Amino acid sequence: MSKDSSDLFGALFEVAPAKPVMSRTVPVLVPMPAPRAYSYAVPEGMAVEPGSVVQVPLGPRQVIGVVWDGDDDGGVDPKKLRPISHVFDCPPLGKHMRDFIDWVATYTLSPPGLVARMALRAPAAFDPEPMIEGLRFVGGQPERMTPARAKVMEIAADGLSWTRTGLAHAAGVSTSVIDGLISQGIFETIFLPPPPVVAKPDPEFTASRLQGPQKDAADEILADVRKGEFAVSLIDGVTGSGKTEVYFEAIAETLRRGKQVLILLPEIALTASFLERFQDRFGAKPAEWHSDLAPRMREKVWRQAVTGEVRVVAGARSALFLPFEDLGLIIVDEEHDPAYKQEDRVYYNARDMAVVRGRIGDFPVVLVSATPSVESQVNGQSGRYTTIHLPTRYGDAALPDLHLIDMRRHAPERGGFLSPVMIRAIGKTVAKGEQALLFLNRRGYAPLTLCRVCGHRFQCPQCSSWLVEHRFRNQIQCHQCGYAERTPEACPECGTLDHLVACGPGVERIAEEVERHFPEARTIVLSSDIMGGVKRLRLELDAIAKGEADIVIGTQLVAKGHNFPLMTLVGIVDADLGLANGDPRAAERTFQLLSQVTGRAGRTGLESHGLLQTYQPQHPVMQAIVSGDASAFYEREISERERAILPPFGRLASIIVSADTRQDAETHARGMRNAAPQVTGISVLGPAEAPIALVRGRHRFRLLVHGRRNSDMQGFLRTMLAQSPKERGSVQVQLDIDPQSFL
């Protein structure tokens, strides 16, 4: 047979390649709303263990998953299962992290895959970062020596490795000088590991300067850190009392013990001053983790946290799901802040879950606030937490002198919103070269626009919300769904021109009034919808701290722990605003927010004042703030919560049923109500239309489940959901354990 014939014969009767042999099966958690892990086969020769990050086929797609705990025999032949496609070269998620994910899923009644998805937010980081090209001096003399070449060779003569651009920068020459030396064999090319995202913090970089109560507080926390066991401390200190410096000592001790640290902050993208304070203490900034971080940097931080290269991360609530190599301490700063509550997909409170993560990992957790949540106060009183009080400001600084302005007696001029008392105080402050802050927790120019002729009110076509005028942008906008249109000149209902009126104030309208009274003053408006986003906000905050503004008008962004050295007057434009709804946490939140805002004044020792405009001067919240008697407020609030069996003495769960039509939403909600089991100590309220009944074109009904503290809320809800009608058509059900919002 000829060679050509034999080749043809071989091609016709070629044996198909053997299929890979499957050795066993394992459960794999995939990032989708499935109730449990799926079974996959492990090809022979592939090494996986619980926590391994893998790629698996799911339908027609390849998705990221995590090999989970548990024996997955199930009697299924591995040959009949789809195999794992790839194992990523990164450390597996540790046992503590996997237990934490399981706990969060069980507590929040969320699919475990969606919880695991929060720990796998940087897919490009699962494989090692590529090595970078570097240079090393090997000796010799170039054909022609120049001063620039001599400088380069002098710096590189110690034999250390350099990057091409790094060496050029250090020598003060162009990269072409380096290229010339490489071409003549003076340097050899080597490959270097990628650099860390931040330098390692040095716990000895700056010695502690704490004295008196602050030093005593630090010593108390250090005792828990040195034990290395689970414990929760609550630092309850007035604004400016040195709480940050106190927990810096706990961070320093944790670093000395070789452990990693997580610092949770409610608005990490806006806290440049915190990062600078950290650098002043430890010689390097912490790694950041928040939504404004560039994707490439997120990947680096994720990878270096899991390998242990990053020692400290400061981040928003999602940083709680970073799979650290050896986490030894969590700090939750401003623990009362509502921003710690996530209300999307998986509903959780990062403050509470931080305590859980500390308990599972057996390490200390420190909660910090000038106005702790009622839940944390009760836990401190009961002995679950160790409460550390800091009743005075650090150094010589004094708390601001607070007064109420009764708006019934000191009404603003027609068309205005600032009392004459407030205007006089602003004038005196600016005249002294100091800064004044006006706080109003309402964005835009006005919350409502209507027609004087026919009474038409501008409402969002997709939500049951009024459109808010933003005069700076010439828009009216919905703050629920983001719908916006140009501010009209004529009423769309009756066609009348120039008869539209703005009702009520937002920060833009207050700025307009301030500029009318103080045209020479430098004014800055701070709001989350400011043009330019986070970068612009950071620049504005830096300008205020440097004294480049006289009057600041802002929303709750100004209450986020900023330090403004020249701020000596804080004015609350509408102190009653947060009390005007049926939220059971309204009093607590108003007290916290107003206390935090007034605490921006006088932090560097200057005489300072706070003025609160109110129509309810006798309200307990107003009296508690101006008297400085926080303990009386908490005592009253705790007593009322206990009497009503509200958290932390009772338990709540919120169920929101939404659909494209009102009838579908209401019918399904009533079906869920009828499916609720009869259990002593747990009751179901509703269904009723949610306060915001229409959002993004979807009609919303709410059920509120109320139980005693020791009731099995999760078991009750599992039974209720199992017996409820199946979600069909456009119907969706959202479940929130321990709700913070009641809208």
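Analyst: Welcome! UniProt positions follow the numbering used here, and such annotations may be inferred rather than shown by experiment. Please also keep in mind that this is a predicted model.

User: Thanks! Which residues does the UniProt annotation "binding site" that includes C451 cover?

Analyst: This annotation comes from an unreviewed UniProt entry. Besides C451, it lists C454, C491 and C494.

User: Those are spread along the sequence, so why can we say that they gather at one spot?

Analyst: Along the chain, they span 44 residues. Sequence is only part of the story, so let's turn to space. They gather at one spot because no two of their C-alpha atoms are more than 8.7 Å apart.

User: Is C451 buried or exposed?

Analyst: C451 sits in strand β19, residues 448-451. Its relative accessible area is 1%. Buried means under 20%, so C451 counts as buried.

User: And what is the relative accessible area of C494?

Analyst: C494 belongs to the loop between β22 (484-486) and β23 (500-503). Leaving out residues up to four places away in sequence, C494 touches C451, V453 and C454. C494 is partly exposed, with a relative accessible area of 35%.

User: UniProt also has a "binding site" with C460, C463, C478 and C481; what is the largest C-alpha distance among them?

Analyst: These four positions again come from an unreviewed entry. They are spread over 22 residues of sequence, yet they cluster in space. The largest C-alpha distance is 8.7 Å.

User: Which residues does C460 contact, beyond its neighbours within four places in sequence?

Analyst: C460 lies in the loop between β19 and β20 (468-470). With a relative accessible area of 4%, C460 is buried. Two members of its own annotated group, C478 and C481, appear among its contacts. The full list of partners is S465, L467, C478, C481 and Y483.

User: Which residue numbered in the 600s does C481 touch?

Analyst: C481 is in the loop between β21 (475-477) and β22. Setting aside residues up to four places away in sequence, its contacts include C460, Q462 and C463. The remaining partner of C481 is R696.

User: Let's look at a helix. How far does α10 reach from its first C-alpha to its last?

Analyst: Helix α10 covers residues 295-307, which is 13 residues. At 1.5 Å a residue, the expected reach is 18 Å. The model comes close to that, with a reach of 19 Å.

User: Which helix do the buried residues of α10 pack against?

Analyst: The buried residues of α10 include V301, W302 and A305. Their packing partners include the strands β9 (260-264), β10 (287-289) and β11 (312-315). The helix in that list is α3 (112-119).

User: What separates the C-alpha atoms of G380 and L181?

Analyst: G380 is a buried residue, with a relative accessible area of 16%, in helix α12 (374-382). Along the chain, G380 and L181 are 199 residues apart. In space, their C-alpha atoms are separated by 66 Å.

User: Finally, how much of the protein chain is buried?

Analyst: The chain has 20 helices and 31 strands. Its C-alpha atoms fill a box of roughly 110 × 80 × 65 Å along the principal axes. Of its 743 residues, the buried share is 52%.

Terms used
Residues numbered from 1 in each chain as written. Predicted model: local features only at pLDDT ≥ 70, side-chain atom pairs only at ≥ 80, totals over all residues. Heavy atoms only, no water. Helix = DSSP H or I, 4+ residues; strand = E, 2+ residues; numbered from the N terminus. Buried < 20%, exposed > 50% of the residue type's maximum accessible area, 1.4 Å probe, protein only. Contact = heavy atoms within 4.5 Å. Expected span 1.5 Å × (residues − 1).
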